[in-house]
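Hi everyone, thanks for coming. I'd like to walk you through one chain today, so have a look at the sequence and the model on the screen.

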Amino acid sequence: MKVLLKLFVCFLFFIQSNIVFGDVTLPSVIGNNMVLQQNKPIQLWGWAEPGESVSIEINNNKEKTKTDDNGKWNITMPAMKAGGPFKMEIKGNNTIELTNVLVGEVWICSGQSNMEWSMRTIDNNVQEILQANNPNIRLFHIPKKAAAHAQKDVDAEWEECNSSTVINFSSVAYFFGKNLNQKLDVPVGLIETAWGGTRIEPWTPPVGFNGIPELADIVTEIEQSDSVYNAELGKSLTELEKWTKEAREAFNKKSDMPDMPKLAEHPLAYHQKPTSLYNGMVHGIVPYTFQGAIWYQGESNRNDGMLYYEMMMALINGWRKVWDQGSFPVLLCSISALQLFYHGHGCRR
């Protein structure tokens, strides 16, 4: 009887696991209230059961595909003109309906504290926040997270811009988006991914550092990080096993417990280490289609001199490679130099 019960439980678990695994799921950046980039082929992706057929329909456009052996699917929708709101339907073994979707301009807003400073910190903040009710501006605020390896998703959601949602959003990003919305008269989607006091290296994907001789040490650090971690983890596990024995003896004797050793952490898991913030706060939105990026950082690299130029090239070229959407514009602002660069279009002022 017990054997039959165990088999039945295993069968239920198997069925439930397959139902969950077979459902189409989406990254958080593809959701209700999102803004899709106008006038460009739109990259969409998600997960389902390997070999499952998946289709997407929006504004009389419909495309379909099948998932790969790992259950990943990618669909490119035709370019659309600004407008909305639209409904988007994603079908696989299940159906997902997204609502209040707009098409317009999408910009990524990244950097350190100068980008992170929220609307609540600015002059005349009460007046500006109360006047920020604009459903044609959408906000996507990515929380802080450092990671040693690339994360497939971020924990955020699209929200309409209003007094409640904008109060903790980047003031630089908001006013940039407000200006775009007023001058272009199209919806604007703003993706904030910023962390005060951070250097530029954590925001850069591994591929960005390749081929830049001045940054060869960073490439070596990244390449050796896993082996260094495994070696240190092995040592800390040995220490933990030793502690377990000593702790058990102390418990039996009712004596003071020895301090528990800490497990080793991956050398790239810290938020100031190369690639850590790209892994935790950027990779999860790749390859979401967008128009360009604004970057407000530099103070934490102020002692690097001209090496910072090479680091900027690593960031920009790295982002362009992982997104594979051409040489999209990147607006760079450095508070210390009081300069604004429009990289990629030959303009500097």
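Let's start with a small puzzle: where does Asn33 lie? Asn33 sits in the loop between H1 and E1. Those labels are for helices and strands, which are DSSP runs numbered from the N terminus: H or I with at least four residues for a helix, E with at least two for a strand.

Before we go on, some ground rules. This is a predicted model, so local features need pLDDT of at least 70 and side-chain atom pairs count only at pLDDT 80 or more, while totals for chains, interfaces and linings use all residues. Residues are numbered from 1 along each chain as its sequence is written, and side-chain values use heavy atoms, with hydrogens and water left out.

Back to Asn33. Asn33 is not a glycine, yet it has a positive phi of about 75°. Asn33 is buried, because its relative accessible area is 19%; the cut-offs are under 20% for buried, over 50% for exposed, and partly exposed in between, using a 1.4 Å probe and protein chains only. Asn59 also has a positive phi, near 50°, and is found in the loop between strand E3 (53-58) and strand E4 (61-66). At 37% relative accessible area, Asn59 is partly exposed.

The loop between helix H1 (2-22) and strand E1 (35-37) holds Ser28 as well. Is Ser28 buried or exposed? Ser28 is buried, at 19% relative accessibility. A polar atom of the Ser28 side chain lies 2.6 Å from the backbone oxygen of Val154. Leaving aside neighbours within four places in sequence, the contacts of Ser28 (heavy atoms within 4.5 Å) are with Phe140, Asp153, Val154, Ala156 and Trp158.

Now the whole chain. We have nine helices and 14 strands, and 46% of the 349 residues count as buried. Among contacts with a separation of 6 or more, 72% are between residues 24 or more positions apart.

What about the inside? In soluble globular proteins, nonpolar side chains tend to be buried together. A nonpolar core here is a set of buried Ala, Val, Leu, Ile, Met, Phe, Trp, Tyr and Cys residues joined through side-chain atoms within 4.5 Å. The largest one has 68 residues, and Leu36, Ile90, Ile191 and Tyr288 have the most contacts inside it. Helix H9 (residues 307-323) gives the most to this core, nine residues. There is also a second, separate core of 22 residues, with Met119, Leu139, Leu180 and Ala194 among them.

Next door to Ile90 in the sequence is Glu89, in strand E6 (residues 83-91). Glu89 is partly exposed, at 26%. Pro85 is in strand E6 too, and the peptide bond from Gly84 to Pro85 is cis, with omega near 5°. Another cis bond joins Val286 and Pro287, where omega is about 15°.

How many disulfides does the structure hold? Zero, where a disulfide would be a pair of cysteine sulfur atoms within 2.5 Å. Cys109 is buried at 0%, and Cys161 is buried at 2%.

Last, how far do we trust this? The pLDDT, which is the predictor's confidence in each residue from 0 to 100, averages 90 over the chain, and 89% of the residues score at least 70. Over residues 1-20, though, pLDDT stays under 50, and the model has zero contacts there beyond four places in sequence. Residues 336-349 are below 50 too, but that stretch has 24 contacts beyond near neighbours in sequence.

How values were computed: A polar contact is a pair of N or O atoms within 3.5 Å; within protein, one must be able to donate a hydrogen and the other to accept it, and residues adjacent in sequence count only if both atoms are side-chain atoms.
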